[in-house]
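Open the model in your viewer and switch to a cartoon view. This tour goes stop by stop: what to select, then what is there.

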Amino acid sequence: MRIHFTLTDLARTRIAGSPSPLTATTFSTFRLTQLAGTPGLDGWRRLVRAGLTAPEPGGGPGRRPPRGPSFVQLAPAEPSHPVPRFLRPHIGLQTLDDELERLLSTPRQVLRADLEYVGRHRPLPRWTRDLADGDPTAASRLAAAVRDYHRVAVAPYWRALASALAADRAARTRQLGEGGIEQVLHSLGPRVRWRPPVLEVRTRAEIEYDYHLDGRGLVLAPGVFSSYVPCDPDEEQPTLYYEVAPGTGGHPLLTPPGGPLDGLAALLGHSRAAVLEVIADGVTTGQLAHRVGLSPASASEHATVLRRAGLVATRRSGRSSRHTLTTLGSELLLHAAASAVAVP
């Protein structure tokens with residue numbers, strides 16, 4: 001996959017904000033079915049497949065029947081396949097509930113145009129006709145299918161996953177400030193190579209194609225399932241999801257559910273470890289208090305302790321303070337996520 005930059009594209013390229021649960025859920029379906037080249041995800045696949053076919057709690061011994069339309073059929077089967085925009089992130093939305101609410105409120109004409117574009121690149125299932133016609137039942141069933149799949153495939157692993165991605169974003173932001181965008185493009189991993197003015201991404205599919213940014217720039221977002229960039233020519237600003245897997249002993253999604261960063265909590269205390277994880281996204285004191293569930297005074301106190309330890313940097317602007325990770329804080333978070341990895 002060759003991504004062509006102009007000088008304007010380089011100037012407009014930026015680092016993504018918080019990770020999108022909906023995007024992680026959508027792209028994970030690709031790795032659930034595509035086995036080649038991803039042995040590190042074998043344990044995760046086994047757990048997910050078992051979870052998707054397990055009996056409903058309190059039900060009989062039979063397998064769980066499919067519920068609603070399979071949104072897996074809308075996910076990309078190849079890196080060149082477009083993903084519907086209603087299954088991609090939207091600025092300002094941070095929870096799956098918010099993202100699904102946006103999906104349910106998408107106007108019919110937008111759904112139809114989006115599905116027609118995707119349909120020109122690959123076959124779509126018959127049930128998408130009802131979705132394109134604005135049938136609220138079809139949209140509700142799709143949202144339910146996404147939620148059911150997310151509950152098994154992503155939700156149990158989200159804490160370790162989100163922490164690893166946040167630490168990577170913090171590291172990229174520092175790179176951008178210290179060495180400029182070219183330093184960032186040069187260090188996106190072994191599958192990505194910057195050969196000015198083209199960014200080459202090695203994909204596991206036997207497909208080659210060129211993607212021209214045409215002055216729109218690029219959003220760089222860490223992910224764990226695939227290197228992917230939408231091929232929609234009308235995209236306001238496309239996003240490259242580059243693969244991140246901290247450590248060499250496994251994959252963050254193989255962390256057993258129920259406490260992936262307990263080692264960090266043992267070192268810092270549960271509240272302070274949670275504060276460090278949230279600060280990885282770059283937050284104000286008010287945002288930190290809301291997301292961790294603390295009073296503003298307690299959140300500020302924890303941030304102060306972490307700042308004195310060299311893990312957090314704080315910048316004041318008027319009456320508000322914005323907290324970010326330092327290099328040491330980012331490395332600590334990455335190390336904690338990598339150390340928690342255990343292959344089932």
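Two strands count as paired if DSSP finds at least two bridges between them. By that rule, strand 1 (residues 2-4) pairs with strand 5: 3 bridges join the two, and they run parallel. Keep in mind throughout that this is a predicted model.

**Whole chain**

Start with everything selected. The protein chain holds 13 helices and 10 strands. Of its 344 residues, 49% are buried. Colour by accessible area next: about 16500 Å² is exposed, and carbon and sulfur atoms supply 52% of that. Now turn on contacts. Among those with a separation of 6 or more, 67% link residues 24 or more positions apart.

**Stop 1: the four-stranded sheet**

Select strands 3, 4, 1 and 5. They form an open sheet in the order 3-4-1-5, with mixed pairing. Strand 3 (192-195) and strand 5 (210-212) are the edges; each has a single partner strand, so one side of each has no neighbour in the sheet. From one strand to the next, the twist averages 20°.

Zoom in on R2. Its bridge partner in strand 5 is D210.

Move to the other edge. Strand 3 and strand 4 run antiparallel, joined by 4 bridges. A hairpin of 2 residues connects them. To find one bridge, pick V192; its partner in strand 4 is V201.

Show side chains on strand 3. Which residues of strand 3 point to one face and are buried? V192 and W194 do; R193 and R195 point to the other face and are not buried. In a regular strand, side chains alternate between the two faces of the sheet.

**Stop 2: I207**

Select I207. It sits in the loop between strand 4 (198-201) and strand 5. Buried, exposed or in between? I207 is partly exposed, because its relative accessible area of 32% falls between the 20% and 50% cut-offs. Now add M1 to the selection. M1 and I207 are 206 residues apart in sequence, yet their C-alpha atoms are 8.0 Å apart in space.

**Stop 3: strands 6 and 7**

Select strand 6 (residues 219-223) together with strand 7. The two run parallel, joined by 5 bridges. A221 is one place to look: its bridge partner in strand 7 is Y241. Then isolate strand 7 (residues 239-243). Here 4 of the 5 residues are buried, so strand 7 is largely enclosed by the rest of the structure.

**Stop 4: the three-stranded sheet**

Select strands 8, 10 and 9. This open sheet has the order 8-10-9 and antiparallel pairing. Its edge strands are strand 8 (283-284) and strand 9 (312-317), each pairing on one side only. Strand 9 is joined to strand 10 (residues 320-325) by 6 bridges, and the two run antiparallel. For an example, pick T314, whose bridge partner in strand 10 is H323.

Add helix 10 (residues 270-279). It lies across strand 8, strand 9 and strand 10, and it runs at about 95° to strand 10.

**Stop 5: helices 11 and 12**

Select helix 11 (residues 285-292) and helix 12 (residues 296-308). Their axes are 8 Å apart, and they pack at an angle of about 105°. The two helices are therefore roughly perpendicular to each other. Show side chains at the contact. T285, L288 and A289 of helix 11 meet P296, A299, S300 and A303 of helix 12. These contact residues divide into 5 nonpolar, 2 polar and no charged.

**Stop 6: helices 2 and 7**

Select helix 2 (residues 21-33) and helix 7 (residues 136-153). How do their axes cross? They cross at roughly 75° and come within 10 Å. That makes helix 2 roughly perpendicular to helix 7. On the helix 2 side, the contact is made by P21, L22, T25, S28, T29 and L32; on the helix 7 side, by V146, Y149, H150 and A153. By type, the contact residues are 6 nonpolar, 4 polar and no charged.

**Last stop: D114**

Select D114, in helix 5 (residues 108-119). Is the residue D114 buried or exposed? D114 is buried, with a relative accessible area of 2%. Show what surrounds it. Leaving aside neighbours within four places in sequence, D114 is in contact with P84, R85 and F86.

Note on methods:
Residues numbered from 1 in each chain as written. Predicted model: local features only at pLDDT ≥ 70, side-chain atom pairs only at ≥ 80, totals over all residues. Heavy atoms only, no water. Buried < 20%, exposed > 50% of the residue type's maximum accessible area, 1.4 Å probe, protein only. Contact = heavy atoms within 4.5 Å. Areas by Shrake-Rupley, 256 points an atom, 1.4 Å probe, with all protein chains shown as cover. Axes fitted to C-alpha atoms, helices over the stretch in contact; angles between N-to-C directions. Parallel < 35°, antiparallel > 145°, perpendicular 65-115°, else oblique. Nonpolar A, V, L, I, M, F, W, Y, C, P; charged D, E, K, R; others polar.
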